[in-house]
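Thank you all for making time this morning. I would like to walk you through one structure, so please have it open in front of you and follow along as I go.

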Amino acid sequence: MAKRRESGFPARDAIVAFIRAHPGKVGTREIAREFGLKNADRAELKRILRELADEGEIEKRGKKISEPAVLPATLVADITGRDSDGELVAVPAEWDEVESGEPPKIRIHIPRQSRPGTAPGVGDRALLRIEKLEVPDAAVYRGRVIKIIDHAKTRVLGIFRALPGGGGRLVPVDKKQAGRELNIAKADSGGAEDGDLVSVDLVRSRGFGLASGKVKERLGSLASEKAVSLIAIHTHEIPQSFSPAALREAEEAKPPDLKGREDWRDVPLVTIDPPDAKDHDDAVHAQADPDPNNKGGYIINVAIADVAFYVRPGSALDRDALARGNSVYFPDRVVPMLPERISNDLCSLVPGEPRGALAVQMVIGHDGRKRSHSFHRILMRSAAKLHYAQAQAAIDGRPDDTTGPLLAPILKPLYDAYAVVKRAREERDPLDLDIPERKILLKPDGTVDRVVVPERLDAHKLIEEFMILANVAAAEMLEKKSLPLIYRVHDEPTLEKVHNLQEFLKTLDLPFAKAGALRPSLFNRVLAQVKGHDAEPLVNEVVLRSQAQAEYAAENYGHFGLNLRRYAHFTSPIRRYADLVVHRALIRGLGLGEGALPQSETVETLTEVAAQISLTERRAMKAERETADRLIAHFLADRIGATFQGRISGVTRAGLFVKLTDTGADGLIPIRTLGTEYFNYDEARHALVGSRSGAMHRLGDVVDVRLVEAAPVAGALRFELLSEGKPMPRGGRRQDTSRPRAAAHPGRSLRRKDRRPGKSRTGKSKKGKSWKA
């Protein structure tokens, strides 16, 4: 708390310090009370607050005042229009208006001579270099265009629905365009058939009636096998085909020999992957350390496919890989970062075949801590290809013909080494969230067979911990060599999110006493208190939502979730471009031969790469999630009227989002259907509360619902709530943190934006986000 004044008006710095200590929680009244200002001083306080806001020192969000958000030095932004002076204005592409208020305005600086590909226009998405304006006005930041990522769209993606007289209508696949069908004349249909996924150019937009369009491209039929993922691929413009030059380079590539490599072909490295994995880019081996000074310790070897040998900087393969940023995994297909000749053949560590790899050898003490490490460019030969359940079954006493001979010499040392490594992990105490991940299994025709939650085995944890160790070793080695690299970073939660979490936990009588630095252990203590209780899923979900999102950056600020000071992705260069950059940097720093990071790559250039691949990662996550939604909506479309059990997974002013227990499908219960009274949004409790009865529908509650509507193209479901609300806890105070919403009334309907299944009033998805290590 800032000190109350003894005499005179408080200093501006003291006012700003008080606001920063209570982000988004104080207004003029609270500031006046803190500094003992009387009515006569209020006008002067308001004048100072206006000046601070004009200077960008503070930001007003309604009646509340907070410190303005600070944008990173490089970010992706959408150019939304022009200001009164005719200059282009942009806003960050990724911005949560619910938590952070209005996005800051960025004025685009246009140099006299623009580099090719950097001339922006309204509707474009661009990678910007950001600087704060010394004298902010309507805009707080200035942005210089590094590159245009995407141009304004005049093309719509949708499903063609044929009409009897010829021609048809386009049903857009984008939820934001729900209800905005296009008319397609017979001459403009391009031979499209009913059910085809098509790309349409807008022809004209009328003041009344349907707008018109012309089919530009037929992309496939949703009636055909395995076509649902096509919607997400084309909606998010995920590249599917490789350039002819890249394919030519892949076909001409030759396997490496021993030149410049160590011969590790006799080391019995094994791969352990999911049973349906097509590429195997990591192999592991462990043995007890023979050094008498490290009794009880182990030597762990992690070998990673040498993608850098084939994908050279500046090559066609490299350009295509950077444009993708990562592989994208759908239930029915994989869109790879690299051609199959590279990913599934030359770089896949298949048993019995010599393969180039970059290996790290780590010496682990009896306490599980890494004592030393070294990197090697090797030629290896995998001893076996195993899947997780197979390896686990062997350790549990059920070996098969493959794992039987491997059990004593290979598998048991791996698990013994993991048992040692686990000690250090438990001491490090990373964030330990329990959020089950579902997997959709398909039938041969591409439709949903069932949805399962794969069991989390020690085999999974073993590989995960060995990969984390290798990633840390890579970051440490490159820092030691003072070389630029791309870190995997995860910021700690903001003060505002921590405060919101504290307020929520108070409603459950759970303490969250933050003393000193914020650590994952603080969250783990809360999670441990609810282990095995009804509130466990609810608390896990709210803690997850309080976390920041992991990303890539050329400057290090640590990984909060893993509780690590330095961390870089090294273990999957087949499917992640960040790992390829780290491999190249290691080759350069250790003098390991061809494929090194060019001298021209600096922190500045890698900052741009990190921003781009962070964006492609989020693109992939969104595309994968939307495809799962569409598949489940197709699966449930013929079960309208059926009842299901689920759990409330989101609470907004628009209504409740429910995740079904058996399939993990998400759907909306509009607030207008909840009952015959008004419901208020209680932000602290993550609940909707009846204004008359006090009945409460809360995040995490188990409920019964009826399926009312399914929109497979949009991947949206709408439910009707069958369960009664729970009574407000005794002594609980109803918090009306939003204006009252409409009661259920036959003649009343929600606005179009509120009627969209799967969206909140702000249009942002309310499904939980994961920070992903």
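The crossing of helix H11 and helix H15 is left-handed, and I should say at once that everything I describe comes from a predicted model. The contact is made by Ala-474, Met-477 and Leu-478 on the side of H11, and by Val-582, Ala-585, Leu-586 and Leu-590 on the side of H15. If we sort these residues by class, the contact has seven nonpolar residues, with no polar and no charged ones. It may help to recall that an α-helix has 3.6 residues a turn, so residues three or four places apart point the same way.

Now, how do the two helices lie relative to each other? The axes of H11, residues 458-480, and H15, residues 577-590, come within 10 Å and cross at roughly 45 degrees. Because angles from 35 to 65 degrees fall outside both the roughly parallel and the roughly perpendicular ranges, H11 and H15 are therefore oblique to each other.

Let me stay with H11 for a moment, since its length can be checked by simple arithmetic. What span should 23 residues give at 1.5 Å a residue? The expected span takes one less than the number of residues, so H11 should span 33 Å, and its end C-alpha atoms are indeed 33 Å apart, which agrees. Just after H11, Ser-482 takes a positive phi of about 55 degrees.

Let us turn to the strands. Strands of a sheet pair through backbone hydrogen bonds, either parallel or antiparallel. In this model there is a closed barrel of five strands, which runs S3-S4-S5-S7-S6 with mixed pairing. Neighbouring strands of this sheet are turned by 55 degrees against each other on average, if direction is ignored. Within the barrel, strand S6, residues 125-132, and strand S7, residues 141-150, pair in the antiparallel sense over eight bridges, and the bridge partner of Ala-126 in S7 is Ile-148.

Further along, strand S8, residues 155-162, runs antiparallel to strand S9, residues 168-172, and five bridges join them. Gly-158, for instance, has Pro-172 in S9 as its bridge partner. The hairpin of S8 and S9 has five residues between the strands, and there Gly-166 takes a positive phi near 105 degrees.

Finally, S9 also pairs with strand S10, residues 182-184, in the antiparallel sense over three bridges, and Arg-169 stands opposite Asn-183 in S10.

Notes. Residues numbered from 1 in each chain as written. Predicted model: local features only at pLDDT ≥ 70, side-chain atom pairs only at ≥ 80, totals over all residues. Heavy atoms only, no water. Helix = DSSP H or I, 4+ residues; strand = E, 2+ residues; numbered from the N terminus. Axes fitted to C-alpha atoms, helices over the stretch in contact; angles between N-to-C directions. Parallel < 35°, antiparallel > 145°, perpendicular 65-115°, else oblique. Left-handed = near helix turned anticlockwise from the far one by under 90°. Contact = heavy atoms within 4.5 Å. Nonpolar A, V, L, I, M, F, W, Y, C, P; charged D, E, K, R; others polar. Pairing = 2+ DSSP bridges.
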